[in-house]
Amino acid sequence: MFNPPTVEDLQETRRANEKLVLAALDSKPEWVETELAKTTSLALSHLRAALASLLDQGRVRRLPGTGTRAVYGLADPGLADVPATPLTADAKKIRDYLEGRADSALHMAEQLRMTREDIMVALSLLNAHKQITCTFVGSLVVFRLREAQALVDQKDAKKKQVA
(Lines give C-alpha, C1' and ligand atoms only; values in the text may rest on other atoms or scores of the structure.)
Protein backbone atom coordinates (compact mmCIF):
# COMPACT_ATOMS: atom_id res chain seq x y z
CA MET A 1 0.00 0.00 0.00
CA PHE A 2 1.30 3.44 -0.96
CA ASN A 3 1.63 6.07 1.75
CA PRO A 4 1.82 9.57 0.30
CA PRO A 5 4.61 11.75 1.69
CA THR A 6 3.77 14.00 4.61
CA VAL A 7 4.29 17.75 4.61
CA GLU A 8 7.32 17.20 6.85
CA ASP A 9 8.77 14.70 4.35
CA LEU A 10 8.35 17.20 1.50
CA GLN A 11 9.93 20.01 3.54
CA GLU A 12 12.87 17.80 4.48
CA THR A 13 13.39 16.88 0.81
CA ARG A 14 13.21 20.55 -0.22
CA ARG A 15 15.78 21.52 2.44
CA ALA A 16 18.12 18.75 1.27
CA ASN A 17 17.69 19.91 -2.33
CA GLU A 18 18.40 23.51 -1.25
CA LYS A 19 21.70 22.38 0.30
CA LEU A 20 22.70 20.69 -2.97
CA VAL A 21 21.83 23.82 -4.94
CA LEU A 22 23.70 26.15 -2.54
CA ALA A 23 26.80 23.94 -2.66
CA ALA A 24 26.79 24.03 -6.46
CA LEU A 25 26.19 27.79 -6.58
CA ASP A 26 29.04 28.31 -4.15
CA SER A 27 31.47 26.65 -6.59
CA LYS A 28 30.83 29.00 -9.53
CA PRO A 29 29.34 32.54 -9.73
CA GLU A 30 26.74 31.83 -12.43
CA TRP A 31 24.80 28.71 -13.33
CA VAL A 32 22.38 28.08 -16.16
CA GLU A 33 19.38 26.21 -14.81
CA THR A 34 19.93 23.12 -16.98
CA GLU A 35 23.61 22.87 -15.96
CA LEU A 36 22.58 23.20 -12.33
CA ALA A 37 20.09 20.35 -12.74
CA LYS A 38 22.79 18.10 -14.23
CA THR A 39 25.36 19.01 -11.56
CA THR A 40 22.99 18.44 -8.64
CA SER A 41 21.30 15.40 -10.26
CA LEU A 42 17.94 16.94 -9.40
CA ALA A 43 14.88 16.68 -11.59
CA LEU A 44 14.07 20.08 -13.10
CA SER A 45 10.85 20.32 -11.08
CA HIS A 46 12.73 19.64 -7.81
CA LEU A 47 15.47 22.09 -8.78
CA ARG A 48 12.91 24.79 -9.54
CA ALA A 49 11.14 24.21 -6.21
CA ALA A 50 14.45 24.55 -4.36
CA LEU A 51 15.40 27.65 -6.36
CA ALA A 52 11.99 29.25 -5.72
CA SER A 53 12.40 28.71 -1.99
CA LEU A 54 15.97 30.06 -2.01
CA LEU A 55 14.85 33.08 -4.05
CA ASP A 56 12.12 33.78 -1.47
CA GLN A 57 14.69 33.52 1.31
CA GLY A 58 16.97 35.99 -0.48
CA ARG A 59 19.83 33.47 -0.60
CA VAL A 60 19.85 33.12 -4.40
CA ARG A 61 19.12 35.56 -7.17
CA ARG A 62 18.20 35.20 -10.79
CA LEU A 63 20.69 36.88 -13.07
CA PRO A 64 20.11 38.30 -16.53
CA GLY A 65 20.41 35.44 -19.00
CA THR A 66 20.30 35.06 -22.74
CA GLY A 67 16.93 34.23 -24.25
CA THR A 68 14.92 31.82 -22.16
CA ARG A 69 17.92 30.40 -20.30
CA ALA A 70 17.49 31.04 -16.58
CA VAL A 71 20.78 31.92 -14.85
CA TYR A 72 21.22 31.83 -11.07
CA GLY A 73 23.89 32.87 -8.58
CA LEU A 74 24.31 33.32 -4.86
CA ALA A 75 22.75 36.47 -3.50
CA ASP A 76 25.22 38.94 -2.02
CA PRO A 77 23.53 42.07 -0.69
CA GLY A 78 26.89 43.51 0.41
CA LEU A 79 26.17 43.23 4.12
CA ALA A 80 29.03 42.58 6.54
CA ASP A 81 28.91 39.58 8.85
CA VAL A 82 28.73 41.32 12.24
CA PRO A 83 27.71 40.12 15.71
CA ALA A 84 24.22 40.97 16.97
CA THR A 85 25.36 43.71 19.33
CA PRO A 86 22.80 46.23 20.66
CA LEU A 87 21.21 48.35 17.95
CA THR A 88 22.85 51.69 17.29
CA ALA A 89 20.94 54.94 16.81
CA ASP A 90 21.55 54.66 13.05
CA ALA A 91 20.17 51.09 12.98
CA LYS A 92 17.04 52.20 14.85
CA LYS A 93 16.65 55.16 12.49
CA ILE A 94 16.82 52.87 9.45
CA ARG A 95 14.46 50.34 11.04
CA ASP A 96 11.93 53.14 11.64
CA TYR A 97 12.44 54.41 8.09
CA LEU A 98 11.81 50.96 6.60
CA GLU A 99 8.54 50.50 8.46
CA GLY A 100 5.90 49.99 5.80
CA ARG A 101 8.30 50.41 2.86
CA ALA A 102 11.21 48.90 1.00
CA ASP A 103 14.20 50.84 -0.27
CA SER A 104 17.75 50.64 -1.60
CA ALA A 105 20.77 51.64 0.47
CA LEU A 106 21.63 54.51 -1.87
CA HIS A 107 18.13 55.99 -1.75
CA MET A 108 18.01 55.59 2.04
CA ALA A 109 21.31 57.47 2.26
CA GLU A 110 19.84 60.34 0.26
CA GLN A 111 16.57 60.40 2.21
CA LEU A 112 18.16 60.10 5.66
CA ARG A 113 21.15 62.33 4.82
CA MET A 114 23.64 59.65 5.80
CA THR A 115 26.59 58.14 3.95
CA ARG A 116 26.02 54.89 2.09
CA GLU A 117 28.73 53.32 4.26
CA ASP A 118 26.86 54.26 7.46
CA ILE A 119 23.66 52.84 5.96
CA MET A 120 25.41 49.54 5.14
CA VAL A 121 26.89 49.29 8.66
CA ALA A 122 23.45 49.82 10.18
CA LEU A 123 21.80 47.38 7.74
CA SER A 124 24.45 44.78 8.60
CA LEU A 125 23.56 45.14 12.28
CA LEU A 126 19.83 44.87 11.53
CA ASN A 127 20.59 41.78 9.46
CA ALA A 128 22.52 40.25 12.38
CA HIS A 129 19.35 40.72 14.45
CA LYS A 130 17.34 39.09 11.60
CA GLN A 131 15.16 42.20 11.32
CA ILE A 132 15.51 42.81 7.57
CA THR A 133 15.29 40.92 4.31
CA CYS A 134 16.58 41.84 0.91
CA THR A 135 15.45 41.16 -2.61
CA PHE A 136 17.23 41.73 -5.88
CA VAL A 137 15.64 43.74 -8.66
CA GLY A 138 18.17 43.32 -11.42
CA SER A 139 21.42 44.53 -9.86
CA LEU A 140 19.58 46.68 -7.28
CA VAL A 141 19.29 45.37 -3.71
CA VAL A 142 16.07 46.37 -1.95
CA PHE A 143 15.79 46.08 1.84
CA ARG A 144 12.65 45.76 3.98
CA LEU A 145 11.69 44.80 7.50
CA ARG A 146 10.89 41.15 8.11
CA GLU A 147 7.15 40.55 8.41
CA ALA A 148 7.40 39.00 11.87
CA GLN A 149 9.55 41.86 13.15
CA ALA A 150 7.10 44.45 11.83
CA LEU A 151 4.25 42.69 13.65
CA VAL A 152 6.24 42.59 16.91
CA ASP A 153 7.03 46.30 16.56
CA GLN A 154 3.34 47.09 15.98
CA LYS A 155 2.30 45.12 19.08
CA ASP A 156 4.95 46.87 21.18
CA ALA A 157 3.77 50.27 19.93
CA LYS A 158 0.16 49.41 20.85
CA LYS A 159 1.23 48.29 24.34
CA LYS A 160 3.05 51.60 24.88
CA GLN A 161 -0.04 53.55 23.75
CA VAL A 162 -2.26 51.65 26.21
CA ALA A 163 0.17 52.07 29.13
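Modeller: Two residues are in contact when they have heavy atoms within 4.5 Å of each other. We're looking at a predicted model: local features need a pLDDT (the predictor's confidence in each residue, from 0 to 100) of at least 70, side-chain atom pairs count only at pLDDT 80 or more, and totals for chains, interfaces and linings use all residues. Residues are numbered from 1 along each chain as its sequence is written, and side-chain values use heavy atoms, with hydrogens and water left out.

Biologist: OK, so where in the protein is confidence lowest?

Modeller: Across the protein the mean pLDDT is 85, and 87% of the residues reach 70 or more. Helices (DSSP runs of H or I, at least four residues) and strands (E, at least two) are numbered from the N terminus. Confidence is highest in H4, at 96, while the lowest mean, 59, belongs to residues 147-162, helix H7.

Biologist: What pattern do the helices and strands follow along the sequence?

Modeller: There are seven helices and six strands to place. Reading along the sequence, you get α-β-α-α-β-β-α-β-α-α-β-β-α.

Biologist: How much of the contact count comes from residues 24 or more positions apart?

Modeller: Take the contacts in the protein with a separation of 6 or more. Residues 24 or more positions apart account for a share of 54%.

Biologist: Which element gives the most to the largest nonpolar core?

Modeller: A nonpolar core is a set of buried Ala, Val, Leu, Ile, Met, Phe, Trp, Tyr and Cys residues joined through side-chain atoms within 4.5 Å. The largest one here has 24 residues, and those with the most contacts inside it include Ile94, Met108, Leu123 and Phe143. Helices H4 (89-98), H5 (105-112) and H6 (116-128) and strands E5 (132-137) and E6 (140-145) each supply at least two of its residues. With six residues, the top contributor is H6.

Biologist: And how many residues does the second, separate core have?

Modeller: Among its members are Val21, Trp31, Val60 and Tyr72. This separate core has a residue count of 15.

Biologist: Back to H6: is Leu123 buried or exposed?

Modeller: Leu123 sits in helix H6. Leaving aside neighbours within four places in sequence, Leu123 is in contact with Leu79, Ile94, Leu98, Ala105, Met108, Ile132 and Phe143. Leu79 is 44 residues away in sequence, yet the C-alpha atoms of Leu123 and Leu79 are 7.0 Å apart. The relative accessible area of Leu123 is 0%, so it counts as buried (under 20%; exposed is over 50% and partly exposed in between, with a 1.4 Å probe and protein chains only).

Biologist: What is the relative accessible area of Asn127?

Modeller: Asn127 is also found in helix H6. Outside the residues up to four places away, Asn127 touches Leu79 and Ile132, and its C-alpha lies 9.8 Å from that of Arg146, 19 residues off along the chain. Asn127 counts as partly exposed because its relative accessible area is 32%.

Biologist: How far is the C-alpha of Asn17 from that of Leu42?

Modeller: Asn17 lies in helix H1 (residues 7-27). Its relative accessible area is 10%, so Asn17 is buried. Beyond residues up to four places away in sequence, Asn17 touches His46 and Ala50 as well as Leu42. Asn17 and Leu42 are 25 residues apart along the chain, with their C-alpha atoms separated by 7.7 Å.
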